[in-house]
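Subject: Structure for you to look at

Hello,

Please find the structure below, followed by notes on what was found in it. Keep it open while you read.

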2 protein chains.
Amino acid sequence: MNLETRTMGVTKTQHFTGEQNRLAALAKALGHPARIAILQHLLKQQTCICGDLVSELPLAQATVSQHLKELKAVGLIKGTVEGTSVCYCIDKQNWEEARDMFLQLFSSPVSCQDNCC
Amino acid sequence: MNLETRTMGVTKTQHFTGEQNRLAALAKALGHPARIAILQHLLKQQTCICGDLVSELPLAQATVSQHLKELKAVGLIKGTVEGTSVCYCIDKQNWEEARDMFLQLFSSPVSCQDNCC
DNA sequence: TAAATTCATCGCAATACTACGATAAAGCCA
DNA sequence: TGGCTTTATCGTAGTATTGCGATGAATTTA
């Protein structure tokens, strides 16, 4: 029987490295097609796009706002109030950090072949 | 009022492209530090590692098995039964597909600067 | 000031995820 | 065969995620 504080349903982040947790958090933020679509749209636009993301996406305004919040929470995007509307764009610095971390993960050679195991 | 079939709490995958859904699914699989740790361990080993992943990770055997199942479900790893134990390793083909998809996402230039919006 | 626009947040409903003990299934070894 | 090892699956508990209508806050416009 486990007598330490039981926190069910919660990721045990304490037991992993900061890098592992950070990469996982970034991946998690990318882990929804709507958020992928948002990022792709922000990348495609030369200038920063505001809330017309809502009309681009097949989701209600409240839902889009929530996805934007999550992307903002991990730092992949940032938003600036511009009058009545809000201008969202990729956060270049964190975006490049994310790119580097994924790059590093995928840079290792895969030794496992078809007959490996 | 929305009278179409209401499926609450479920991602609306139908409304996104196959690529967006695939990339999101791969990212989601990477979205947990334990699964990052598993993949890093499998990448580090020259030969395929079996269930001693359990002793490497700070999680119960059932939990590790569940994470392995998820990684297997998106195709990032594969397992082969070897006597009593199971040998897991990176699925080279799907791993490279994943790498290419993330690479493509991050390859777009970010035009947004500090004073962008 | 009053109405309209834009967006965030709240609250709810339903599903998904995380974790683990218990148990089952499959193979090994004495 | 009987026990042992290894791993998958089941069941359960708790938290997180997804989605959306309703509402609120901030700003613009009439």
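The surface near DNA strand D is made of 10 nonpolar, 14 polar and five charged residues. Here Ala, Val, Leu, Ile, Met, Phe, Trp, Tyr, Cys and Pro count as nonpolar, Asp, Glu, Lys and Arg as charged, and the others, Gly among them, as polar. A residue is near a strand if one of its heavy atoms lies within 4 Å of it.

This is a predicted model, in which local features need pLDDT of at least 70 and side-chain atom pairs count only at pLDDT 80 or more, while totals for chains, interfaces and linings use all residues. Residues are numbered from 1 along each chain as its sequence is written, chains are lettered from A and ligands numbered from 1 in the order in which they are written, and side-chain values use heavy atoms, with hydrogens and water left out.

In total, 29 residues surround DNA strand D, and Gly9(B), Lys12(B), Gln61(B), Ser65(B) and Tyr88(B) are the closest. Of the strand's atoms that come within 4 Å of the protein, 65% belong to sugar and phosphate. A base is also reached: a backbone N or O atom of Gly9(B) is 3.1 Å from a base oxygen of DNA strand D. From chain A, a polar backbone atom of Ala60(A) lies 3.1 Å from a phosphate oxygen of DNA strand D. α4(A) provides the largest share of the surface near the strand, five residues. (Helices are DSSP runs of H or I with at least four residues, strands are runs of E with at least two, and both are numbered from the N terminus.)

His67(A) lies in helix α4 of chain A. Is His67(A) buried or exposed? His67(A) counts as buried because its relative accessibility is 8%; buried means under 20% relative accessible area, exposed over 50%, and partly exposed in between, with a 1.4 Å probe and protein chains only. Not counting residues up to four places away in sequence, His67(A) touches His32(A), Ala34(A), Arg35(A), Ile38(A) and Leu59(A), where contact means heavy atoms within 4.5 Å.

Between the two chains, 48 residues of chain B are in contact with 48 residues of chain A. The chains bury about 4300 Å² between them, 73% of it on carbon and sulfur atoms; buried area is the accessible area (1.4 Å probe) that two parts lose on being put together, summed over both. The rule finds zero salt bridges across this interface, a salt bridge being a side-chain nitrogen of Lys or Arg within 4 Å of a carboxyl oxygen of Asp or Glu.

Regards

Key. A polar contact is a pair of N or O atoms within 3.5 Å; within protein, one must be able to donate a hydrogen and the other to accept it, and residues adjacent in sequence count only if both atoms are side-chain atoms.
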